[in-house]
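Here are my notes on the model you sent over. Have the structure open while you read, and go through the points in whatever order suits you.

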Amino acid sequence: SGPTMQASQANIEQAFLGIGSNVGERLHYVRDAIFGLSKVSGITLVRFSNVYETEPVGDVVQNEFLNAVVEVNTSLELTVFYNEIKKLERAIGRQPHERWGPREIDIDILLYGVHTVSNKLLTVPHTELHKRNFVLSPLAELAPTVVHPVLHQTIQTLLKTCDDRHAVRCSQELTKQLYTLL
């Protein structure tokens, strides 16, 4: 047999990102994140979920979050992808905050293909993904049958079995407003 042909096209990974904001003009920060992702070389925006109003998790007293999940395709290697996302957060105006505290914008890598990574920099799939309705609800809207690469259950099943009781409300009104801002 002859030599194998190498595909000239870079590997494309399907990734899901969680976006959240609970400071200032929350919907504008969510819009800036979605718009910003669409402008990063090597990232193609596929679609995004409805906007969800969610009760904050943790002991810090703070405003409700707006959350959404974005599906992208990317040719960027995971570490480069992560660095681009952190750069985008800073460009949008993210300030350093306490863990679980209020934030202008938070963009988390939830899933990156079927890859699993855990190092000092990041953990993929996101460590808290299966424990948080504010992530699972919008993720299940976009990808109910995607299988969590560690837990080997679909996102829909994880949502049904999640014991998180924090309020999560899908907002058609905020979703419409987001579309007009984009």
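The points below cover the cores, the helix packing, one strand residue and two backbone details.

1. Before anything else: this is a predicted model, so please read every value below as computed from that prediction.

2. I'd begin with the largest nonpolar core, which has 31 residues. Which of them touch the most other members? They are Leu17, Ile19, Leu37, Phe81, Ile107 and Ile109. Contributions come from a good part of the chain: the strands β1 (13–21), β2 (43–48), β4 (65–74) and β5 (106–112) each supply at least two residues, and so do the helices α1 (26–39), α2 (78–92) and α5 (172–181).

3. Phe81 deserves a look of its own. Leaving aside residues up to four places away in sequence, Phe81 touches Ala15, Leu17, Ile43, Val72, Thr74, Leu76, Ile109 and Tyr112. Two of these partners, Leu17 and Ile109, are also on the list of core residues that touch the most other members.

4. There is also a second core, separate from the one above, with 14 residues. Among them are Val69, Leu136, Ala140 and Leu158. Leu136 and Ala140 also turn up among the buried residues of α3. That helix is mostly covered, with 8 of its 10 residues buried; besides those two, the buried set holds Asn133, Val135, Ser137, Pro138, Leu139 and Leu142.

5. Now the packing of α1 on α5. Their axes are 10 Å apart and the angle is about 55°. Why call the pair oblique? An angle of about 55° is neither under 35 degrees nor in the 65 to 115 range, so the two helices count as oblique to each other. The crossing is right-handed. On the α1 side the contact uses Leu27, His28, Val30, Arg31 and Ile34, and these meet Leu174, Gln177, Leu178 and Leu181 of α5. By type, the contact residues are 6 nonpolar, 2 polar and 1 charged.

6. α1 packs against α2 as well. Here the axes come within 10 Å and cross at roughly 135°, and this pair too is oblique. α1 passes α2 in a right-handed crossing. From α1, the residues involved are Tyr29, Asp32, Ala33, Gly36 and Leu37; from α2, they are Ile85, Leu88 and Ile92. This contact divides into 6 nonpolar, 1 polar and 1 charged residue.

7. Have a look at Glu53, in strand β3 (residues 51–54). Is Glu53 buried, partly exposed or exposed? Its relative accessibility is 22%, so Glu53 counts as partly exposed. Outside its sequence neighbours up to four places away, Glu53 touches Glu64, Phe65, Leu66, Ala167, Val168, Arg169, Ser171 and Leu174. Leu174 is also one of the α5 residues that meet α1. By contrast, Glu53 and Glu77 are 24 residues apart in sequence, with 32 Å between their C-alpha atoms.

8. Two backbone details to check by eye. Where is the cis peptide bond? It runs from Val124 to Pro125, with omega near 0°, and Pro125 sits in the loop between β7 (123–124) and α3 (133–142). The other detail is His152, which has a positive phi of about 55° although it is not a glycine. His152 belongs to the loop between α3 and α4 (155–161), and it counts as exposed because its relative accessibility is 60%.

Conventions: Residues numbered from 1 in each chain as written. Predicted model: local features only at pLDDT ≥ 70, side-chain atom pairs only at ≥ 80, totals over all residues. Heavy atoms only, no water. Helix = DSSP H or I, 4+ residues; strand = E, 2+ residues; numbered from the N terminus. Buried < 20%, exposed > 50% of the residue type's maximum accessible area, 1.4 Å probe, protein only. Core = buried A, V, L, I, M, F, W, Y, C linked by side-chain atoms within 4.5 Å. Contact = heavy atoms within 4.5 Å. Axes fitted to C-alpha atoms, helices over the stretch in contact; angles between N-to-C directions. Parallel < 35°, antiparallel > 145°, perpendicular 65-115°, else oblique. Left-handed = near helix turned anticlockwise from the far one by under 90°. Nonpolar A, V, L, I, M, F, W, Y, C, P; charged D, E, K, R; others polar.
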